[in-house]
Amino acid sequence: MEPLLVPGVLDSLSAIASYVMAAAKAAGLEKKPTYNLRLAVDEIATNIIVYGYQGGDAERTIVVQTEMDDQALTVTLEDTAPKFDPTQQELPDADDFNQPLAERPIGGLGVYLAVQGVDQFQYQRLGDKNRNIFVVYKSPPAA
């Protein structure tokens, strides 16, 4: 698929979701991995827009790209917001989920959903760009 270039605004989330869903369909993903991938991409894209692009002078765009092969679908989000590596964030643990909502720490759940919702999640910083890479296997990898 051709890359998708969208403005870094909340109104772009539906275009990103449609693009991801079309890629998942083309890759032949089943419903659950498709849902998890869409949720993961949506969470990171939302963080890019709400936190990464707040009040900055960066070019406010997000590029969404896909790659497919026999084993996997890979979706990459690329942005020019300040560096933010989701893999370095403290994620909620089992104790956090067992606490009443009013006592749970704020933040981190979106990143948790993104990292846990796909088979592989990677972050790269290339020059002034963040790259969030989501990999979903078409079938479980061989043991």
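These exercises with worked solutions walk through a predicted model of one protein chain.

**Exercise 1. Describe the secondary structure of the protein chain and state what share of its residues is buried.**

Solution. Begin with the count of elements: the secondary structure of the protein chain comes to 4 helices and 5 strands. Next, follow these elements from the N terminus on, where they run β-α-α-β-β-α-α-β-β. Finally, turn to burial, where buried residues make up 39% of the 143 residues in the protein chain.

**Exercise 2. Find the salt bridges of the whole structure and work out which parts of the chain they tie together.**

Solution. Start from the general idea that side chains of opposite charge can pair when their charged atoms come close. A search of the whole structure finds 2 salt bridges.

Take the pair of Glu78 and Lys129, whose side chains meet in a salt bridge with an N to O distance of 3.8 Å. Because Glu78 lies in strand E3 and Lys129 in strand E5, this pair ties together parts that are 51 residues apart in sequence. As for accessibility, Glu78 counts as buried at 16%, whereas Lys129 is partly exposed, with a relative accessible area of 32%.

Then take the salt bridge between Glu78 and Arg131, in which the closest N and O atoms are 3.2 Å apart. This pair also links distant parts of the chain, since Glu78 is in strand E3 and Arg131 is in strand E5, 53 residues apart. Both Glu78 and Arg131 are buried.

The last step is to put the pairs together: salt bridges that share partners join Glu78, Lys129 and Arg131 into one network.

**Exercise 3. Determine which residues form the aromatic pair, and decide whether these residues are buried or exposed.**

Solution. A search of the whole structure finds 1 aromatic pair. This pair is formed by Phe121 and Phe134, with 5.2 Å from centre to centre and 70° between the planes. An angle over 60 degrees counts as edge-to-face, and the pair of Phe121 and Phe134 is accordingly described as edge-to-face.

To place the pair in the chain, note that Phe121 lies in strand E4 (residues 120–126) and Phe134 in strand E5 (residues 129–137), so the pair ties together parts that are 13 residues apart in sequence. For burial, the cut-off is a relative accessible area under 20%. Phe121 is buried at 13%, and Phe134 is buried at 0%.

**Exercise 4. Locate Asp85 and examine which side chains lie around it.**

Solution. Asp85 is found in the loop between strand E3 (72–79) and helix H3 (94–98). Although Asp85 is buried, it has no salt bridge. The nearest side chain of opposite charge is that of Lys83, which is 5.8 Å away, and a salt bridge would require a distance within 4 Å. Asp85 does have a polar partner, however, for a contact of 2.5 Å joins its side chain to that of Thr87.

**Exercise 5. Compare Tyr51 and Val41, which both belong to helix H2, and say whether each is buried or exposed.**

Solution. Tyr51 lies in helix H2, which covers residues 31–52, and Val41 lies in helix H2 as well. Tyr51 counts as exposed at 55% relative accessibility, while Val41 is buried, with a relative accessible area of 1%.

Now consider the surroundings of each residue. Together with Leu10 and Val50, Tyr51 makes a nonpolar surface patch of about 300 Å². Val41, for its part, is 7.8 Å from Ala17 in space, C-alpha to C-alpha, with their positions 24 residues apart in sequence.

**Exercise 6. For Gln54 and Ile62, set the separation in sequence beside the distance in space to a given partner.**

Solution. Gln54 lies in the loop between H2 and strand E2 (61–68), and at 55% relative accessibility Gln54 counts as exposed. Its partner here is Val9, which is 45 residues apart from Gln54 in sequence and 9.9 Å apart in space, C-alpha to C-alpha.

Ile62 lies in strand E2 and counts as buried, at 0% relative accessibility. Ile62 and Glu78 are 16 residues apart in sequence, and their C-alpha atoms are 5.6 Å apart in space.

Technical notes
Residues are numbered from 1 along each chain as its sequence is written. This is a predicted model: local features need pLDDT of at least 70, side-chain atom pairs count only at pLDDT 80 or more; totals for chains, interfaces and linings use all residues. Side-chain values use heavy atoms; hydrogens and water are left out. Helices (H or I, at least four residues) and strands (E, at least two) are DSSP runs, numbered from the N terminus. Buried means under 20% relative accessible area, exposed over 50%, partly exposed in between (1.4 Å probe, protein chains only). Lys and Arg count as positive and Asp and Glu as negative; His and the chain ends are not counted. A polar contact is a pair of N or O atoms within 3.5 Å; within protein, one must be able to donate a hydrogen and the other to accept it, and residues adjacent in sequence count only if both atoms are side-chain atoms. Patches are made of residues with over 30% relative accessible area and no salt bridge: like charges are joined within 9 Å, nonpolar side chains (Val, Leu, Ile, Met, Phe, Trp, Tyr) within 5 Å. Accessible areas come from the Shrake-Rupley method with a 1.4 Å probe; for residues, only the protein chains shown count as cover. Rings of Phe, Tyr and Trp (its six-membered ring) pair if their centres lie within 6.5 Å; planes under 30 degrees apart count as stacked, over 60 as edge-to-face and the rest as tilted.
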